[in-house]
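Please open the structure in a viewer and keep the sequence panel visible. The tour below proceeds by selection, from strands to loops and then to the chain as a whole.

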Amino acid sequence: NLVTAANQALSDIQKYAGYDAATKKGGPLMGSAVITMLQQNILSTFASAAGTSGLGNGQAVGITLNKDGSISFDKNAFEAAYNTNPSGVASLFTQGGTFAPSSSSYAGQASLVYAGTNTVPGTYAVQVSHSAAQATATGTALSAGTVSAAENLTVAEGSLSATYATSSGESLSAIAAGLNNAFAAQGMALTASAVNSGTQLQITSDAYGSASSFSVSSSNTASGTTGLAGATAGTAVSYTGTDVAGTINGVAATGTGQVLAATASDPTLQGLSVLISASGITSSTNLGSITYQPGLAQQLATLADGASNPLNGSLTTEIQGLQSQA
């Protein structure tokens, strides 16, 4: 586990960079500022990490620092804390984020999806220029909520397709139910419903974004039909969703469905991704801010990468310097 791995690292540091009082000899790397800093960072991470749990630090789950520079783990204390507050204990170790909306109407409309190993903890503004949308087909408004002319509807999603034959006088809610049965039978991620007080038939994709699309064709597009397939019978009409668009921390981000992601090359955000569930946004809107906190496991992963990264890790650079001196 984390404590065992950390103790092994601390033991190795003591072996190569510490001082043995019994032999009165120091390790070959004794005095190295890089090694000393790594040791201090490991210990301080365990001492202060809280993530978004609100539990305080590792002591709340049985992790304590010893006078000899090692770390102890009390399994019984950990299990007691977990049984009392499982989500809180989990968030102590994992990366997490809290969203502060710019207004109450956006409360709960954004949440952390992912942060990179080297994403810098902090609070970042989230600006949305337009929200994600499902692929949606909305038919003609029929005041009676029923069709007066029959048609054969064919709905295609990728390589899948479903058909449904309507009949004159059939309600739009009944047609929606028939389409949903057809979609389920074919494994299609679409949903039909009667909207606007049952006066219009609507089909929507279950997923959001430009990767979600479907088409509708009909044998009859005359007055009194559903109106889902446009004006030309036998010609399919396509419907496609849209991706969320906006910025994180003022940096243009990439939208994939409802997920807004900063570029992995950004030195601060490192791919920070946020799920935007707010709908109906069509112009630049300050949604609020998200505060990222890495948690104990993520902090240790960042620390390990910063030390051992083969390109610019602190240990990598130290080894190269020693080899150059030799």
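Begin by selecting strand β7, residues 122-130, together with strand β19, residues 285-293; in this predicted model the two strands run antiparallel and are joined by 7 bridges. To follow the register, pick Thr123, whose bridge partner in β19 is Thr291. Keep β7 displayed and add strand β15, residues 245-248. This strand also pairs with β7 in the antiparallel sense, here over 4 bridges. Val126 is a convenient place to inspect that pairing, since its bridge partner in β15 is Ile248.

**The loop at Gln109**

Select Gln109 next, in the loop between β5 (96-101) and β6 (110-114). Which residues does Gln109 touch, not counting residues up to four places away in sequence? They are Phe99, Leu275, Ile276, Ser277, Ala278, Ser279 and Leu287. A C-alpha distance label between Gln109 and Ala278 should read 5.1 Å, although 169 residues separate the two in sequence.

**The loop at Gly145**

Move to Gly145, which lies between β8 (134-138) and β9 (152-157), in the loop that links them. Is Gly145 buried or exposed? Its relative accessibility is 11%, under the 20% limit, so Gly145 counts as buried. Beyond its neighbours within four places in sequence, Gly145 is in contact with Glu170, Ser171, Leu172, Gly198 and Thr199. Add Ser197 to the selection: the C-alpha atoms of Gly145 and Ser197 are 8.3 Å apart, with the two positions 52 residues apart in sequence numbering.

**The loop at Thr166**

Thr166 is the next selection, in the loop between β10 (160-165) and α5 (172-186). With a relative accessible area of 6%, Thr166 is buried. Display the contacts of Thr166, leaving aside neighbours within four places in sequence, and the partners are Ala149, Ala150, Glu151, Leu153 and Ile175.

**Two residues with positive phi**

The following two stops concern the backbone. Most residues other than glycine have a negative phi.

- Select Asn196, in the loop between β11 (190-195) and β12 (200-208). Asn196 is not a glycine, yet its phi is positive, at about 55°. Its relative accessibility of 49% makes Asn196 partly exposed.
- Select Gln270, in the loop between β17 (259-261) and β18 (273-276). Gln270 likewise has a positive phi, near 50°, in a residue other than glycine. Gln270 counts as partly exposed, at 22% relative accessibility.

**Helix α4 and its cover**

Turn now to helix α4, residues 86-93. Which residues of α4 are buried? Gly88, Val89, Ser91, Leu92 and Phe93 are the ones to colour. To view what covers these buried residues, add the surrounding elements, including α1 (2-17), β3 (63-65), α3 (75-84) and α6 (295-308).

**Strand β2 and Lys25**

Select Lys25, which is found in strand β2, residues 25-26. Lys25 has a relative accessibility of 59%, over the 50% limit, and therefore counts as exposed. Residues up to four places away in sequence aside, Lys25 touches Gly18, Tyr19 and Asp20. Then label the C-alpha distance from Lys25 to Pro86: the two are 61 residues apart in sequence and 47 Å apart in space.

**The chain as a whole**

Finally, clear the selections and display the entire protein chain, which has 7 helices and 19 strands. Why is the protein chain described as more spread out than a compact globule? Its radius of gyration is 29 Å, well over the 20 Å that the globule rule gives for 326 residues, hence that description. Aligned along the principal axes, the C-alpha atoms fill a box of roughly 100 × 50 × 40 Å.

Colouring by accessibility shows buried residues as 38% of the 326 residues. The chain exposes about 16000 Å², of which carbon and sulfur atoms supply 52%. If a contact map is available, restrict it to pairs at least 6 apart in sequence; 63% of those contacts join residues at least 24 apart. As a last selection, colour the charged residues: there are 5 positive and 13 negative charges, and the mean positions of the two groups are 35 Å apart.

Key: Residues numbered from 1 in each chain as written. Predicted model: local features only at pLDDT ≥ 70, side-chain atom pairs only at ≥ 80, totals over all residues. Heavy atoms only, no water. Rg over C-alpha atoms; globule rule 2.2 N^0.38 Å. Buried < 20%, exposed > 50% of the residue type's maximum accessible area, 1.4 Å probe, protein only. Contact = heavy atoms within 4.5 Å. Areas by Shrake-Rupley, 256 points an atom, 1.4 Å probe, with all protein chains shown as cover. Lys, Arg positive; Asp, Glu negative; His and termini not counted. Charge placed at Lys NZ, Arg CZ, Asp CG, Glu CD. Pairing = 2+ DSSP bridges.
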